[in-house]
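Biologist: Hi! Please take a close look at the empty spaces inside this model for me, and tell me what surrounds them.

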Amino acid sequence: MKIAIVLPPGSRFSQAQPNSMETVVRTLAHASAGGDTLRVFCCAGAEDHGDLPVHTLPQRRRPRLKALLAALKAFQPDLIEFHQQVRQAAQIAPHFPQTPLILYRHNALKTSRNPINRWRYHRDYRRMDGLVFVSESERLNFLRDYPDLGRRAHAVPNPINTPLWRASPEKREPVIAFAGRAIAEKGLDLVCAALPGVLDRHPDWRAVLMLNDWSLHADWAAPHVEPLARYGDRITVMRSAPLSEVRDVMQRAAIALTPSVWAEPLGLTALEAHAAGAALISSGRGGLREASGPHALYVDDLTPQGLADAIESLIADPARRLAMARAAQTHVLETHAPERRAAQLDALRRQMVRAVRD
């Protein structure tokens, strides 16, 4: 089959600085054993696309849509897989009435209390032959609002390229690591408020904050991060760091934090921490429990004190940290292997094509 993978506007598919969606797309594409011809459609602006075939598009909305439509017609795909944006998919759909369309969502679908908007969303979702969600939690959330689309909704949990991240859980540094966008939803303010007490009580421990999209969210994030400057080199703040640097920190850190205050679709950062061999403290919100299973320390009291208490408990118990990290790494290797998830997606793609052809 010829499969068109259409990324949302603004996505450049950089290999060095990918967002989580692009990481998932790349991992699944490399793990696919279907022998399909894949082509990724993304915005221009990056030169490091890697070894996947890429067609770049203009940044501006109207020229981009026109160029995308022309490129898709030239490619003549057997299936079009739109990532993230339903509006883009709905605009392209009328031009490919005989081609199955998949909407692949990497975070929660927005709903609206406005009946007209809800009708529009429902109309656009019905144009899709399949809707893919990154966790069963997200699939069920969608069906609460659109129960009649149950047969079209599927869950393909995120994969993790474990060999790329894997490091020994035994060889860890006294480092507490946080990786995520510099936004309130990820719990960055909780981390910044919890760390001082922990670091004051444990002078041999350090922290690393790896904050993505810093330039977009600095106005909110900076006031939370700046008070930590008094700790000097005991706290490292990495702003929009390349994935290779994030991976290096996770492979050394003893403890990783995923204290998201919103319902995470799945939590790729949690999978990365597990694969890298760190013991994870998690809020368990949304799909985070699907990601980690019983192998994370879950914080129900999601406050600075609750997070600090969880960190303290793992600092005080190295044996527990090691056991958690070992079990989680094995869990991720078995449950979230790219080959397993790619096989799920390949089967779903073929199912969509057969349904349309029959």
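Modeller: Happy to! By class, the lining of the largest cavity has seven nonpolar, one polar and two charged residues (Ala, Val, Leu, Ile, Met, Phe, Trp, Tyr, Cys and Pro count as nonpolar, Asp, Glu, Lys and Arg as charged, and the others, Gly among them, as polar). This is a predicted model, in which local features need pLDDT of at least 70 and side-chain atom pairs count only at pLDDT 80 or more, while totals for chains, interfaces and linings use all residues. Residues are numbered from 1 along each chain as its sequence is written, and side-chain values use heavy atoms, with hydrogens and water left out.

On a 1 Å grid over the protein atoms alone, a cavity is a set of points where a 1.4 Å probe fits but cannot get out, a pocket is an open set with protein on both sides within 12 Å along at least five of seven lines, and lining residues have an atom within 4 Å of a point. By this rule there is one cavity of 30 Å³ or more. The largest cavity has a volume of about 50 Å³ (the space filled by probe spheres set on the points, which are joined across faces, edges and corners).

Its nonpolar lining residues are Ile5, Val25, Leu28, Ala29, Leu38, Tyr104 and Leu345. His83 is the polar one, and Glu81 and Arg349 carry the charged label. H1, strand E4 (79-83) and H14 each supply at least two residues of this lining (helices, H or I of at least four residues, and strands, E of at least two, are DSSP runs numbered from the N terminus). H1 gives the most, with three residues.

H1 also leads us to an open space, the second largest pocket. This pocket has a volume of about 360 Å³. Of the 20 residues that line the second largest pocket, Arg26, Thr27, Asn161, Leu164 and Leu243 are the closest to its centre. Helix H1 (20-31), helix H6 (162-165), helix H9 (243-250) and helix H14 (338-357) each contribute at least two residues to that lining. The largest share, six residues, again comes from H1. By class, nine residues of the pocket lining are nonpolar, six polar and five charged.

So if you follow H1 through the view, you will find Val25 on the lining of the largest cavity, and Arg26 and Thr27 among the residues closest to the centre of the second largest pocket. H1 and H14 each supply at least two residues to both linings.
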